[in-house]
Amino acid sequence: MRCAMPRLLPGTSPETDLYALTDDELSLGRPAVEVAKALLDSGIKILQYRERKKGRADAQECMELRSLTREASACFIVNDHVDIAILCEADGVHVGQEDLPVEAVRRLVGPDMIIGLSTHSPAAGPRSRGLRR
């Protein structure tokens with residue numbers, strides 16, 4: 001089952017105004033799963049796994065977060081790690097300007113997975129426009 005949120009069309013917005021990220025640096029020592037449970041219990045409908053200090057996404061942790069987000073009918077997005085996103089059947093993957101090109105990510109994840117791309121300046125915007133089907 002994919003996330004309950006409808007795919008967004010140009011000019012529309014999600015049915016939520018909050019997009020939450022996990023982040024070891026900001027979680028006051030609490031595990032990502034504990035933080036995610038609290039976020040989902042509060043009504044978050046988009047959760048991004050973004051644990052940069054770990055260096056490498058934790059596949060087991062992502063599998064557990066995927067289970068929690070499914071139970072909560074929330075979207076689950078994995079930061080940077082396309083392979084982990086595919087493995088845990090995430091709803092999306094978020095990549096940076098220095099990661100795989102969006103076109104390559106799309107070939108790997110197929111037509112249905114959400115792809116997010118970091119943009120840090122107006123010049124990076126044109127590269128992100130091709131993300132929508």
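In which sense do strand β2 and β3 pair, and over how many bridges? Select residues 46-49, which form β2, together with β3: the two run in the parallel sense, with 4 bridges between them. Strands count as paired here if DSSP finds at least two bridges between them. Helices (H or I, at least four residues) and strands (E, at least two) are DSSP runs, numbered from the N terminus.

Before we go on, a word on what you have open. This is a predicted model, in which local features need pLDDT of at least 70 and side-chain atom pairs count only at pLDDT 80 or more, while totals for chains, interfaces and linings use all residues. Residues are numbered from 1 along each chain as its sequence is written, and side-chain values use heavy atoms, with hydrogens and water left out.

**The whole chain**

Zoom out and colour by secondary structure. You should find 5 helices and 5 strands, following the pattern β-α-β-α-β-α-β-α-β-α along the sequence. Of the 133 residues, 43% count as buried; buried means under 20% relative accessible area, exposed over 50%, and partly exposed in between (1.4 Å probe, protein chains only). Switch on a surface next: about 7,800 Å² is exposed by the chain, and carbon and sulfur atoms supply 54% of it. These areas come from the Shrake-Rupley method with a 1.4 Å probe, and for residues only the protein chains shown count as cover.

**Strand β3**

Now select residues 75-79. Because 5 of the 5 residues of β3 are buried, this strand is largely enclosed by the rest of the structure. In a regular strand the side chains alternate between the two faces of the sheet. In β3 both faces are covered, with C75, I77 and N79 buried on one side and F76 and V78 buried on the other. For the pairing with β2, look at I77, the bridge partner of Q48. Then turn to β4, which pairs with β3 in the parallel sense over 3 bridges; here V78 stands opposite V93.

**H94**

Stay in β4 (residues 92-95) and pick H94. Is this residue buried or exposed? With a relative accessibility of 17%, H94 counts as buried. Show its contacts (heavy atoms within 4.5 Å): leaving out residues up to four places away in sequence, H94 touches Q48, I77, V78, N79, D80, G116, L117 and S118. With S118, the H94 side chain also makes a side-chain polar contact of 2.8 Å. A polar contact is a pair of N or O atoms within 3.5 Å; within protein, one must be able to donate a hydrogen and the other to accept it, and residues adjacent in sequence count only if both atoms are side-chain atoms.

**The loop after β1**

Move to the loop between β1 (20-22) and α1 (32-41) and select E25, then add D23 from this loop. D23 is buried at 18% relative accessible area, whereas E25 is exposed at 55%. A polar atom of the D23 side chain lies 2.9 Å from the backbone nitrogen of E25. Beyond its neighbours within four places in sequence, D23 is in contact with R50 and E51. Try a distance between the C-alpha atoms of E25 and E51: they are 26 residues apart along the chain and separated by 8.4 Å.

**Last stop: I86**

Finish with I86 in helix α3 (residues 82-87), which counts as partly exposed at 39% relative accessibility.
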